[in-house]
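Let's take a walk through a protein together. Have a look at the sequence and the 3D view below, and then we'll go from the whole chain down to a single residue.

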Amino acid sequence: MILEVRAAPPFYKNGFLVACERTRAAAIVDPGDEVDQLLAAARDYDADVQLILLTHAHVDHVSGVATAKAAFDVPVYLHRDDLFLYEGAVEQGAMFGFRVSPPPPVDVFYDMTPIVLGDYEVRVHHTPGHCPGGVCLQVGKAGEPGLHLLVGDTLFAGSI
């Protein structure tokens, strides 16, 4: 599996390119301010981006969705319970003093069925708490338990 992680100011949160090394089928996950870096990674790997997957709809995770959608014209996935946050991205950005482009409409609401990505699948786990529609995305070979878990903001790095 190809897994590339990028981060950019001001939030320095992680955005991902996930791709099948054989078919090059790919997803962009949580495109925020690092979206240009994710687009460059997709080009570098000659990835066939087929999906934009969102772990939740806080502004730092969706500010780059419009750019990614314009670049690839692929469906945007989100949990229905975060739609109000997604639709409020411009206002969320303004609260931080940032100008955010309105995100395109959501194309698919997660129904918890696995999403095929070449030889891999993404299993969606609803993990409300940080926000009502938060999800974790478990990625692994099709038919096997995934060993990679993209958690959005379900867990934060920290120290004790």
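## Charges first

How far apart are the mean positions of the positive and negative charges of the protein chain? They sit 4 Å apart, with 10 positive and 21 negative charges going into those means. Keep in mind that what you're looking at is a predicted model.

## The whole chain

Scroll along the protein chain and you'll meet five helices and 10 strands. The radius of gyration is 15 Å, close to the 15 Å that the globule rule gives for 160 residues, so the chain is as compact as a globular protein of that length. If you lay the C-alpha trace along its principal axes, it spans about 40 × 35 × 30 Å.

What about inside and outside? Of the 160 residues, 49% count as buried. The chain exposes about 7,800 Å², and carbon and sulfur atoms supply 55% of that area. Now take the contacts between residues with a separation of 6 or more: 52% of them come from residues 24 or more positions apart.

## Helix α1 and its two faces

Zoom in on helix α1, which covers residues 35-44. Its buried residues are Val35, Leu38, Leu39, Ala41 and Ala42. They take up an arc of only 160 degrees around the axis, which puts them on the same side of α1. Here's a handy bit of background: an α-helix has 3.6 residues a turn, so residues three or four places apart point the same way.

On the face turned away from that buried side, you'll find the exposed residues Asp36, Arg43 and Asp44. And what covers the buried residues of α1? The cover includes the strands β1 (2-6), β2 (15-19), β3 (25-29) and β4 (48-53), along with helix α3 (65-72). Just after α1, have a peek at aspartate 46, which takes a positive phi of about 50 degrees.

## Spotlight on valine 62

Our last stop is valine 62, which belongs to helix α2 (residues 59-62). Is valine 62 buried or exposed? It's buried, because its relative accessible area is 2%, and the cut-off for buried is under 20%.

So who does valine 62 touch? Leaving aside neighbours within four places in sequence, valine 62 is in contact with Pro31, Leu54, His56, Ala57, Tyr86 and Ala89. You can also try a distance check from valine 62 to alanine 94: the two are 32 residues apart in sequence and 14 Å apart in space, C-alpha to C-alpha.

Methods
Residues numbered from 1 in each chain as written. Predicted model: local features only at pLDDT ≥ 70, side-chain atom pairs only at ≥ 80, totals over all residues. Heavy atoms only, no water. Helix = DSSP H or I, 4+ residues; strand = E, 2+ residues; numbered from the N terminus. Rg over C-alpha atoms; globule rule 2.2 N^0.38 Å. Buried < 20%, exposed > 50% of the residue type's maximum accessible area, 1.4 Å probe, protein only. Contact = heavy atoms within 4.5 Å. Areas by Shrake-Rupley, 256 points an atom, 1.4 Å probe, with all protein chains shown as cover. Lys, Arg positive; Asp, Glu negative; His and termini not counted. Charge placed at Lys NZ, Arg CZ, Asp CG, Glu CD. Arc of directions from axis to C-beta.
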